[in-house]
Amino acid sequence: MRVAIAGAGAVGRSIASELIEAGHTVMLIERQARQFVPETVEQADWVLGDACEVSTLEESGIQLCDVVIAATGDDKVNLVVSLLAKTEFAVRRVVARVNNPANEWLFNESWGVDVSVSTPRMLAAMVEEAVSVGDLVRLMTFRQSQANLVELTLPAETPLAGKPVRDLALPKNAALVTILRGDRVIVPQPDDPVEPGDELLFVSPTDVEPDLRKALGY
């Protein structure tokens with residue numbers, strides 16, 4: 001993929017390095033000269049300019065990108081970049097960083113955002129996931145479908161122990177996508193049994209989560 005990242009601060013550079021290591025082509029757009037340091041991510045293409053300006057985006061060739069990531073430390077900038085990328089240049093996938101959780105409600109399709117990433121919320125979810133056993137933990141939301149990735153760790157005394165996946169009687173719109181068992185990642189098959197300590201990952205709409213809890217006995 002060709003990926004454009006608006007914002008070459010610590011976050012933007014880290015994302016760029018990860019994507020380049022995975023084999024993708026990356027362009028970093030930065031408007032502050034002090035953060036325009038191409039030698040920090042030499043394999044990336046660097047553009048000095050304001051990503052909120054249509055002319056900068058056009059000259060950088062953003063219309064050729066598969067993904068745009070708005071990764072600056074300013075939510076207003078990230079929203080403008082997202083909107084321009086989606087509406088002016090028809091970028092297929094737009095990901096935006098949310099710096100202030102109070103602004104999360106803005107980061108949706110109305111502003112051109114396909115996926116929003118809130119670091120505070122993600123950290124809170126990871127902490128909750130690490131200490132919660134026997135309850136659903138929402139890890140992330142897929143904005144376009146309004147579905148969530150939720151996790152439940154089965155306690156030692158779970159009544160589901162040994163029960164095959166086919167017998168879990170899950171709600172119609174909830175899907176078990178992965179079972180994490182120790183260091184194993186299991187793609188669940190109908191005859192696979194669940195065991196105490198398993199981390200079950202589901203994709204489910206918010207309004208189905210109470211039924212999902214009930215189906216799992218919690």
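The UniProt record, in an unreviewed entry, lists residues 1-117 as "domain: RCK N-terminal". In the predicted model examined here, the chain over residues 1-117 is 27% helix and 24% strand, and the C-alpha atoms at the two ends of this stretch lie 20 Å apart. The protein as a whole is divided into domain 1, spanning residues 2-117, and domain 2, spanning residues 132-216, and the centres of domain 1 and domain 2, taken over C-alpha atoms, are separated by 34 Å.

An open sheet of six strands is present, in which the strands follow the order 3-2-1-4-5-6 and the pairing is parallel. Its edges are formed by strand 3 (45-48) and strand 6 (115-118), each of which pairs on one side only, and neighbouring strands of the sheet are turned against each other by 20° on average, direction ignored. At one of these edges, strand 6 runs parallel to strand 5 (residues 93-98) and is joined to strand 5 by four bridges, with Val-95 having Val-115 of strand 6 as its bridge partner. Helix 3 (residues 75-87) lies across strand 1 (2-6), strand 4 (67-70) and strand 5, and runs at about 175° to strand 5.

The largest nonpolar core comprises 23 residues, among which Leu-57, Ile-62, Val-68 and Val-81 have the most contacts inside the core. Two or more residues are given to this core by each of strand 1, strand 2 (25-30), strand 4, helix 3 and strand 5, the largest share, five residues, coming from helix 3. When residues up to four places away in sequence are not counted, Val-81 touches Ala-6, Ala-51, Cys-52, Val-68 and Ala-70. A second core, separate from the first, contains 17 residues, including Leu-154, Leu-176, Ile-179 and Val-208.

Antiparallel pairing is found around strand 9 (residues 175-181), which is joined to strand 11 (residues 199-205) over five bridges and to strand 10 (residues 184-186) over three bridges. In the pairing with strand 11, Thr-178 stands opposite Leu-201, whereas in the pairing with strand 10 the bridge partner of Ile-179 is Ile-186; Ile-179 is also one of the residues of the second nonpolar core. Strand 9 and strand 10 form a hairpin with two residues between the strands, and in this hairpin Gly-182 adopts a positive phi near 65°.

Conventions
Residues are numbered from 1 along each chain as its sequence is written. This is a predicted model: local features need pLDDT of at least 70, side-chain atom pairs count only at pLDDT 80 or more; totals for chains, interfaces and linings use all residues. Side-chain values use heavy atoms; hydrogens and water are left out. UniProt positions are given in the numbering used here, feature names are shortened, and annotations may be inferred rather than shown by experiment. Two strands pair if DSSP finds at least two bridges between them. Axes are lines fitted to C-alpha atoms, for helices over the stretch in contact, and angles run from 0 to 180 degrees between N-to-C directions. Contact means heavy atoms within 4.5 Å. A nonpolar core is a set of buried Ala, Val, Leu, Ile, Met, Phe, Trp, Tyr and Cys residues joined through side-chain atoms within 4.5 Å. Buried means under 20% relative accessible area, exposed over 50%, partly exposed in between (1.4 Å probe, protein chains only). Domain bounds come from an automatic or database domain assignment.
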